[in-house]
Amino acid sequence: NHPADVELAMKSLYEAIEHSGHATSLFLLMRLIEGSEECIKRGITPSTILSEGKVLNVGLETDDSEKVIPMNLVNVLSSAGIDIRGLDPNIETEGLYKKGIVQNMPFGNEEFDTVISSGLFDPDYVGVLAIDNGLSNDIDGYTEWFYEVSAKEMNRILKDGGICLINSNKNSDILTEAFARNGFEHVNIDSSGGRLFIKKIG
């Protein structure tokens, strides 16, 4: 895929978001790295991230009834020729989508070049998951476990040098530390809730 094709798809998505009022992971995450001095220095842009290799979107954009919205990252970018898959526990496995959780993803080792996720790692959302799992008395412990296991899975499915781009909505040193322990380098993207990690080689 050529970066220009990706930029065209992104422009189309931005316009659709502005018209519909929907905020999607592509819009949120890609805006985070545009203009980042560290990313510019490394040659990391939204178009290069999406045009090089296979992409996974973890945690799809859904409406209030947990149904995937039509204007979602996977639909838009796949229509532009991007090799992308989607993973979410609230969908059935079909076509480009797979039912599953980030702690145990149904993919092979080193299958992806890029992983994108928006909202899934929000500390408040992870707290809700803890309560749903009967751990309301140990939300902090569950959060640490969730981040640690998820980081290990990200490392497993990403190729060396692969990028993991996360919008956690809030600053979380626990998240950053979990990825650092599991073979990732943290790249500053000048955002309190945005995190860009690169899987170390070797």
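In which hand does helix α7 pass helix α8? In this predicted model, α7 passes α8 in a right-handed crossing. The details of that crossing are best read after a brief view of the chain as a whole.

The chain contains eight helices and seven strands. Of its 202 residues, 48% are buried. Where contacts link residues at least 6 apart in sequence, 66% of them join residues at least 24 apart.

Helix α7 spans residues 139–157, and helix α8 spans residues 173–181. The two pack at an angle of about 40°, and their axes lie 8 Å apart. Because angles under 35 degrees count as roughly parallel and those from 65 to 115 as roughly perpendicular, α7 is therefore oblique to α8. On the α7 side, the contact is formed by Glu144, Tyr147, Glu148, Ala151 and Met154; α8 contributes Ile174, Leu175, Ala178, Phe179 and Arg181. Sorted by class, this contact of α7 with α8 comprises seven nonpolar and three charged residues, with no polar ones.

Helix α7 also has a part in covering helix α6, which runs from residue 123 to residue 132. The buried residues of α6 are Val126, Gly127, Leu129 and Ala130. Around the helix axis they cover an arc of only 155°, so they lie on the same side of α6. A general property of helices is relevant to such a pattern: an α-helix has 3.6 residues a turn, so residues three or four places apart point the same way. Among the elements that cover the buried residues of α6 is α7, the helix that also packs with α8.

Terms used:
Residues are numbered from 1 along each chain as its sequence is written. This is a predicted model: local features need pLDDT of at least 70, side-chain atom pairs count only at pLDDT 80 or more; totals for chains, interfaces and linings use all residues. Side-chain values use heavy atoms; hydrogens and water are left out. Axes are lines fitted to C-alpha atoms, for helices over the stretch in contact, and angles run from 0 to 180 degrees between N-to-C directions. Helices (H or I, at least four residues) and strands (E, at least two) are DSSP runs, numbered from the N terminus. Angles under 35 degrees count as roughly parallel, over 145 as roughly antiparallel, 65 to 115 as roughly perpendicular and the rest as oblique. A crossing is left-handed if the near helix is turned anticlockwise from the far one by less than a right angle, and right-handed if clockwise. Contact means heavy atoms within 4.5 Å. Ala, Val, Leu, Ile, Met, Phe, Trp, Tyr, Cys and Pro count as nonpolar, Asp, Glu, Lys and Arg as charged, and the others, Gly among them, as polar. Buried means under 20% relative accessible area, exposed over 50%, partly exposed in between (1.4 Å probe, protein chains only). The arc is that of the directions from the helix axis to the C-beta atoms.
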